[in-house]
Amino acid sequence: MVHTHEDPRSATGVDAARAASTPYRTASFKALDFDFCIESTELALRDHLDGIYAPLRSTQRATHVYRLIDLGPLPGQDRYFALLGEDLIVAGPTPSFPVWSMMWHINNQAVTTNSRLLLVHAAAAESHGRAVILPAPAESGKTTLVAGLVRNGLRYLTDEAVALRLDGDERVVPYPKPLTIEAGSQEVLADLRPEVDELISGYLTGPWHVSPLSIRISAVADCAVPRFLVVPRYAADGPTALSPLRRVEALRRVAEGTFNLETFGRRGFERLAQLVRGCQCYELAVADLERACQMVLTLFDSPEASS
Amino acid sequence: VSTSDPDDGVVAGEAIEPGLVARLADHVLLIELDGEGVIYDECTGAVHLLNPTATAIASCLDGSSNLEDLVRDLAHRFSTDANVVGRDVTELLRSLDRHHLIHGVVEQTVDKP
């Protein structure tokens, strides 16, 4: 969790940040039901953010305005700030942490402010209107696997939250946020390294934030019907293996990883049961990413998959 | 008919009354998938998995039959010894009760004058 802090040391800086001009503004975006845009003191940073959030672009004017501010060198004071409107998200001496924190904040707002959709902690990808759902806790390799699948021709739905409607429409609602590729996966996904203007490279150290559109221009999916549920697990030393998973076990895992099941109660649980009923369910131990991707892709080719 | 004290649980004590009529609690949802059950407790958010035998028993806990009738019906349906079924039912009821997942009432035998 990112804690807002306004200690006396940075109070002057925060006031200065609030008063600072942020002339470069992105397009408006919508992350699930959360609308936002980003203002920056750096033109190249604005352009970069415009690019990685392009799949979330919205025609509605954003009501939430994030601001990334560089106050310039100030002895003994924080220099870099991320604000949401007037509210401080984080301040620090280096440029990358405010950017990372803002992106984390956007995702958090998308998930926590939603009251319409049931949100399962999962990645997902699509082919010909059918989706594979990859539910797993953090650090289980969801993003790595979905990035690999998109690289192999599937289209991207999300790497974080599978959004399910409760109005009878069984399709997954896309949430194509930038793929967050952590350091541990950057070697196997080296070709997805984002191109970053040298002027702003300091803002973007750490995880890579990759637009699915940079993988392929047609890499973002529309709504899709879930047909496969594959629970990935990183298994560095074991074999890569796909094995059937009992539907009750799949339902338990999905329920335990649903962000807002409490909000919807039994209606939400029935919706998750509907999801699992409609899917072939598997566990996937991932040692070799490419082999794991081929195993998932094979599911789409099976005769039962089209029924 | 008397309602059991919820604090004591519906199957408190060593023996379970044959006249016990149990049903899944209102905050409980039982889902069946491929013959196996999943119980969702809306109060705690907990999810419990049931094996096929427990699923068959739990799906009968609708408040319409007492324990004696329930065991007899299940023994007939699965062609199994009533004592074996009785043990399975008792074990499941105790487990569900421990997690506050059932309500129960005991039918009282009224002696005719």
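A residue counts as buried when its relative accessible area is under 20%. Keep that cut-off in mind as we walk through this structure, which is a predicted model.

Let's start with A:Asp50. This residue sits in helix H2 of chain A, the stretch covering residues 43-52. Is A:Asp50 buried or exposed? Its relative accessible area is 16%, and the limit for buried is under 20%, so A:Asp50 is buried. Who are its partners, once we set aside the neighbours within four places in sequence? A:Asp50 is in contact with A:Thr26, A:Ala27, A:Phe29 and A:Arg57. Take A:Thr26 from that list. Along the chain, A:Thr26 and A:Asp50 are 24 residues apart, yet 5.5 Å separates their C-alpha atoms.

Another name on that list, A:Phe29, leads us to the aromatic rings. Searching the whole structure turns up 10 aromatic pairs over all chains. One of them joins A:Phe29 and A:Phe36: the ring centres are 5.4 Å apart and the planes make an angle of 40°, which puts this pair in the tilted class. Both A:Phe29 and A:Phe36 are buried. A second pair, A:Tyr80 with A:Tyr203, is edge-to-face, with 5.9 Å from centre to centre and 85° between the planes. Where do these two tyrosines come from? A:Tyr80 belongs to strand S5 (residues 80-84) of chain A, while A:Tyr203 is in the loop between strand S12 (179-181) and strand S13 (208-210), so their pairing ties together parts of the chain that are 123 residues apart in sequence. You can use the cut-off again here: A:Tyr80 has 9% relative accessibility, so this residue counts as buried. A:Tyr203 comes out at 8%, so that residue counts as buried too. Back at A:Phe29, there is also a bigger group to find: A:Phe29, A:Phe34, A:Phe36, A:Tyr53 and A:Tyr66 form one aromatic cluster.

The loop that holds A:Tyr203 also holds A:Ser201. At 36% relative accessibility, A:Ser201 counts as partly exposed. Try finding A:Pro95 as well: A:Ser201 and A:Pro95 are 106 residues apart along the chain, and their C-alpha atoms are separated by 9.3 Å.

Now hop over to another loop, the one between helix H3 (96-112) and strand S7 (118-127) of chain A, where you'll find A:Asn114. With a relative accessibility of 6%, A:Asn114 counts as buried. What does the side chain of A:Asn114 reach? One target is the backbone nitrogen of A:Arg116, at 3.0 Å. Another is the backbone nitrogen of A:Leu117, at 2.7 Å. Leaving out neighbours within four places in sequence, A:Asn114 is in contact with A:Leu32, A:Asp33, A:Gln109, A:Leu119 and A:Asn260.

For a whole element rather than a single residue, look at helix H4 of chain A, residues 142-151. How many of its 10 residues are buried? The count is 9, so we can call H4(A) mostly covered. The buried ones include A:Lys142, A:Thr143, A:Leu145 and A:Val150. After the helix comes A:Gly153, which has a positive phi, near 115°.

Finally, let's see where chain A meets chain B. Here 15 residues of chain A are in contact with 15 residues of chain B. The area buried between the two chains is about 1400 Å², and carbon and sulfur atoms give 67% of it. On the chain A side, A:Val248, A:Arg266 and A:Phe269 lose the most area to chain B, and together they make up 45% of what that side buries.

There are charges at work on the map here too: the rule finds 3 salt bridges across the interface of chain A and chain B. You can look for the one in which the side chains of A:Arg247 and B:Asp34 meet, with 3.1 Å from N to O. Polar contacts between the chains come to 6 residue pairs. Which elements give two or more residues to the side of chain A that touches chain B? They are helix H5 (247-256) and helix H6 (261-277) of chain A. H6(A) gives the largest share, 8 residues. Sorted by class, that side of chain A has 7 nonpolar, 1 polar and 7 charged residues.

Terms used: Residues are numbered from 1 along each chain as its sequence is written. Chains are lettered from A and ligands numbered from 1 in the order in which they are written. This is a predicted model: local features need pLDDT of at least 70, side-chain atom pairs count only at pLDDT 80 or more; totals for chains, interfaces and linings use all residues. Side-chain values use heavy atoms; hydrogens and water are left out. Buried means under 20% relative accessible area, exposed over 50%, partly exposed in between (1.4 Å probe, protein chains only). Helices (H or I, at least four residues) and strands (E, at least two) are DSSP runs, numbered from the N terminus. Contact means heavy atoms within 4.5 Å. Buried area is the accessible area (1.4 Å probe) that two parts lose on being put together, summed over both. A salt bridge is a side-chain nitrogen of Lys or Arg within 4 Å of a carboxyl oxygen of Asp or Glu. A polar contact is a pair of N or O atoms within 3.5 Å; within protein, one must be able to donate a hydrogen and the other to accept it, and residues adjacent in sequence count only if both atoms are side-chain atoms. Ala, Val, Leu, Ile, Met, Phe, Trp, Tyr, Cys and Pro count as nonpolar, Asp, Glu, Lys and Arg as charged, and the others, Gly among them, as polar. Rings of Phe, Tyr and Trp (its six-membered ring) pair if their centres lie within 6.5 Å; planes under 30 degrees apart count as stacked, over 60 as edge-to-face and the rest as tilted.
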